[in-house]
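Trainee: Could you take me through the pocket side of this one in some detail, and then show me what else is worth a look? I'd like one connected walk rather than a list.

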Amino acid sequence: MSSREALNLADDKGLDLVKISPNANPPVCKLMNYGKYVYELAKKNKEAKKNQKVVEVKEVWLSMTIDVGDLNVKAKQTQKFLSAGNKVKVSIRMRGRQMAHSNLSIDVMHRFFEIVKDYGVMEKQPLLEGRNVWMMLAPIKA
């Protein structure tokens with residue numbers, strides 16, 4: 001039907017004429033209460049936002065010369081973070097002559113991951129960025 005007829009029909013029923021697909025030939029329109037539609041859409045978006053979980057990124061700092069006991073303490077804390085559903089960024093800052101032996105810090109990262117591998121997966125491999133080496137761990141999906 002023509003746009004005038006559709007507009008008159010919508011006016012008679014007290015509804016709005018909404019273009020669904022304006023680029024189609026002929027344009028596709030729908031009769032609806034637009035205010036109610038916008039309200040329902042906002043309500044649905046608010047409900048979806050309320051139900052979603054925000055994933056935090058926690059950070060754990062290690063040292064290149066970390067000992068076994070300290071490594072286990074950091075691993076236990078990381079296991080708590082991963083069990084809670086958070087991602088964990090594990091970092092090592094190298095100082096002075098440690099830069100010449102950056103491969104040792106990557107070995108520390110792999111040892112650390114071996115301890116926590118039951119709780120998380122390695123999302124990003126250990127990566128050397130300037131003076132820092134970091135990797136990202138994500139929780140295992142239930």
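**A look at the largest pocket**

Mentor: Sure, and keep in mind that this is a predicted model. The largest pocket holds about 220 Å³ of space. Its lining is made up of M1, S2, S3, A6, L17, K19, P26, P27 and C29. If you sort the lining residues by character, you get six nonpolar, two polar and one charged. Two elements give two or more residues each to that lining, namely α1 (3-13) and β1 (16-21).

Stay with P26 for a moment, since P26 is one of the lining residues. P26 sits in the loop between β1 and β2 (28-32). The peptide bond leading from N25 into P26 is cis, and its omega is near -5°. So if you click through that loop, check the backbone there as well as the side chains.

Now leave the pocket and go to the nonpolar core. The largest core has 21 residues, and the ones touching the most other members are L62, V88, V90, I92, F112, M135 and L137. At least two residues of this core come from each of β3 (57-62), α3 (68-83), β4 (87-93), α4 (102-116) and β6 (132-139). The largest share is from α4, which supplies five residues. As background, nonpolar side chains in soluble globular proteins tend to be buried together.

Next, the rings. There is one aromatic pair in the structure. Its partners are Y34 and Y37, with 6.1 Å between the centres and 35° between the planes, so the pair is classed as tilted. The cut-off matters here: planes under 30 degrees apart would count as stacked. Both tyrosines belong to helix α2 (residues 34-51), and because they are three residues apart there, about one helical turn separates them. Y34 counts as partly exposed because its relative accessibility is 41%, and Y37 gets the same label at 40%.

Another ring to check is that of W134: K89 lies over its face, 5.2 Å from the ring centre.

Last stop, the loop between α2 and β3, where you'll find Q52. With a relative accessibility of 53%, Q52 counts as exposed. Measure from its C-alpha to that of A84 in your viewer and you should get 15 Å, for two residues that are 32 apart in sequence.

Notes:
Residues numbered from 1 in each chain as written. Predicted model: local features only at pLDDT ≥ 70, side-chain atom pairs only at ≥ 80, totals over all residues. Heavy atoms only, no water. Phe/Tyr/Trp six-rings, centres within 6.5 Å; stacked < 30°, edge-to-face > 60°. Helix = DSSP H or I, 4+ residues; strand = E, 2+ residues; numbered from the N terminus. Buried < 20%, exposed > 50% of the residue type's maximum accessible area, 1.4 Å probe, protein only. Lys NZ or Arg CZ within 6 Å of the ring centre and 35° of its normal. 1 Å grid on protein atoms, 1.4 Å probe; cavity = no way out; pocket = protein on both sides within 12 Å on 5 of 7 lines; lining within 4 Å. Points joined across faces, edges and corners; volume = space filled by probe spheres on them. Nonpolar A, V, L, I, M, F, W, Y, C, P; charged D, E, K, R; others polar. Core = buried A, V, L, I, M, F, W, Y, C linked by side-chain atoms within 4.5 Å.
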